[in-house]
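Please load the model in a viewer and keep the selection panel at hand. The stops below proceed from one selection to the next.

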Amino acid sequence: MKHVDGQTQYVRGLLFPIIGTTYTKTYFSYYGIFKDKLMIALYKKGNFYLRASSEFIEEINNTKGTELLNDKNLGISANNFYLLPENIMNKLSDHAHWIHSIIREMSEEREQKYFIKKQAIRFMPNMTIGLERMLKKIGVCTRSDFISKGAIYVFVELMKIGIEASDILLYRLYGAVKNKYVEVLTDTEKKDVLKEANKALCKASLRKRFNI
């Protein structure tokens, strides 16, 4: 058994009937208690600090014997951890709703962050945070916006606001929409997108043209 697991075996045993198997990692001078890759509690020198959910933080705070963890070394990340006194730990199952609630809340937050990441342009092939900010200037703020409008439209709109256009930028935009990196675009694909861009530039009365 790992040292960290041995140090937290007792408290994890109390949690097992409520949420099943948990595991431990060191976290600064504490042991972090994890469930489904979510750190729901801290443990140090026999003291168990449960992370409070927004749903029950008031109830936990008003429960006799609980105490907000105040450790400047942990900073803001420790703002919602509460010491649970011995009388509560002895009957932890009576407060299972606190534990289930924080797991549910953290899971929902993780899913929301994942959704936001999936929608962010910067995480598409060839794209960066700089290009993401550039696209926001023309009202293209999400991945779905970008894909629905298309690389050619975005390229032309960028030129309209004075962005210096190049074939490399066009390839990056086209590849992102097609979920391909520039390096794997074929010569035929590049030639076709240049032709399409020339037509769009002409239609928009812009002087820029690509030599093909």
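**First stop: the sheet and its hairpins**

Select S1 and S2, which form a hairpin with two residues between them; in the turn, phenylalanine 28 has a positive phi of about 55 degrees. This is a predicted model, a point to bear in mind throughout. Five bridges connect S1 with S2 in the antiparallel sense. To inspect one of these pairs, display threonine 24 together with isoleucine 33, its bridge partner in S2.

Next, extend the selection to S3. Strand S2 (residues 30-35) runs antiparallel to S3, and five bridges join the two. Here tyrosine 31 faces tyrosine 43 of S3. The S2 and S3 strands make a hairpin with two residues between them, and aspartate 36 in its turn has a positive phi of about 55 degrees.

Then add S4 (residues 47-51), which pairs with S3 over four bridges, again in the antiparallel sense. Two pairs can be picked out: leucine 42 has tyrosine 49 as its bridge partner in S4, and lysine 44 has asparagine 47. S3 and S4 likewise form a hairpin with two residues between them, with lysine 45 in the turn at a positive phi of about 50 degrees.

With these strands on screen, the whole sheet can be shown. What is the order of the strands in the open sheet? Six strands follow one another as S1-S2-S3-S4-S6-S5, with antiparallel pairing. Strand S1 (23-27) and strand S5 (67-68) are at the edges; each has a single partner strand, so one side of each lacks a neighbour in the sheet.

**Second stop: helices across the sheet**

Return to S3 and colour it by accessibility. Strand S3 (residues 38-44) is mostly covered, with six of its seven residues buried. Now display the helices that lie across this part of the sheet. Helix H2 (residues 9-19) lies across S1, S2, S3 and S4 and runs at about 15 degrees to S2. Helix H5 lies across S2, S3 and S4, at about 130 degrees to S3.

Within H5 (residues 96-119), select methionine 106. Is methionine 106 buried or exposed? Its relative accessibility is 12%, and it therefore counts as buried, the cut-off being under 20%. Setting aside residues up to four places away in sequence, methionine 106 touches Leu38, Met39, Ile40 and Arg51. For a distance label, choose the C-alpha atoms of methionine 106 and methionine 39: they are 8.9 Å apart, although 67 residues separate the two along the chain.

**Third stop: the largest pocket**

Switch to a surface display and select Tyr10, Tyr43, Gly46, Asn47, Phe48, Leu83, Leu84, Pro85, Glu86, Met89 and Asn90, which line the largest pocket. Its volume is about 180 Å³. S4 and helix H4 (86-89) are the elements that give two or more residues to this lining.

**Fourth stop: the largest nonpolar core**

In soluble globular proteins, nonpolar side chains tend to be buried together. The largest nonpolar core here has 32 residues, of which Met127, Leu135, Phe146, Phe155 and Leu173 touch the most other members. Helix H6 (129-136), helix H8 (151-160), helix H9 (167-177) and helix H10 (187-203) are the elements that give two or more residues to this core. Which element provides the largest share of this core? H8 does, with seven residues.

Isolate H8 to see how this helix is placed. Eight of its ten residues are buried, so described as mostly covered: Ala151, Ile152, Val154, Phe155, Val156, Glu157, Leu158 and Met159. These buried residues pack against H6, H7, H9 and H10. Just after H8, glycine 162 adopts a positive phi of about 95 degrees.

Move on to H9, where Leu169, Leu170, Tyr171, Leu173, Tyr174, Gly175 and Ala176 are buried. The buried residues of H9 pack against H6, helix H7 (143-149), H8 and H10. Centre the view on leucine 173, which touches Met127, Leu135, Phe146, Ala151, Val154, Phe155 and Leu158, leaving out residues up to four places away in sequence. As a last selection, take Ile19, Ile88, Ile102 and Ile103, which are among the members of a second, separate core of 27 residues.

Technical notes. Residues are numbered from 1 along each chain as its sequence is written. This is a predicted model: local features need pLDDT of at least 70, side-chain atom pairs count only at pLDDT 80 or more; totals for chains, interfaces and linings use all residues. Side-chain values use heavy atoms; hydrogens and water are left out. Buried means under 20% relative accessible area, exposed over 50%, partly exposed in between (1.4 Å probe, protein chains only). Contact means heavy atoms within 4.5 Å. A nonpolar core is a set of buried Ala, Val, Leu, Ile, Met, Phe, Trp, Tyr and Cys residues joined through side-chain atoms within 4.5 Å. Two strands pair if DSSP finds at least two bridges between them. Axes are lines fitted to C-alpha atoms, for helices over the stretch in contact, and angles run from 0 to 180 degrees between N-to-C directions. On a 1 Å grid over the protein atoms alone, a cavity is a set of points where a 1.4 Å probe fits but cannot get out, and a pocket is an open set with protein on both sides within 12 Å along at least five of seven lines; lining residues have an atom within 4 Å of a point. Grid points are joined across faces, edges and corners, and a volume is the space filled by probe spheres set on the points.
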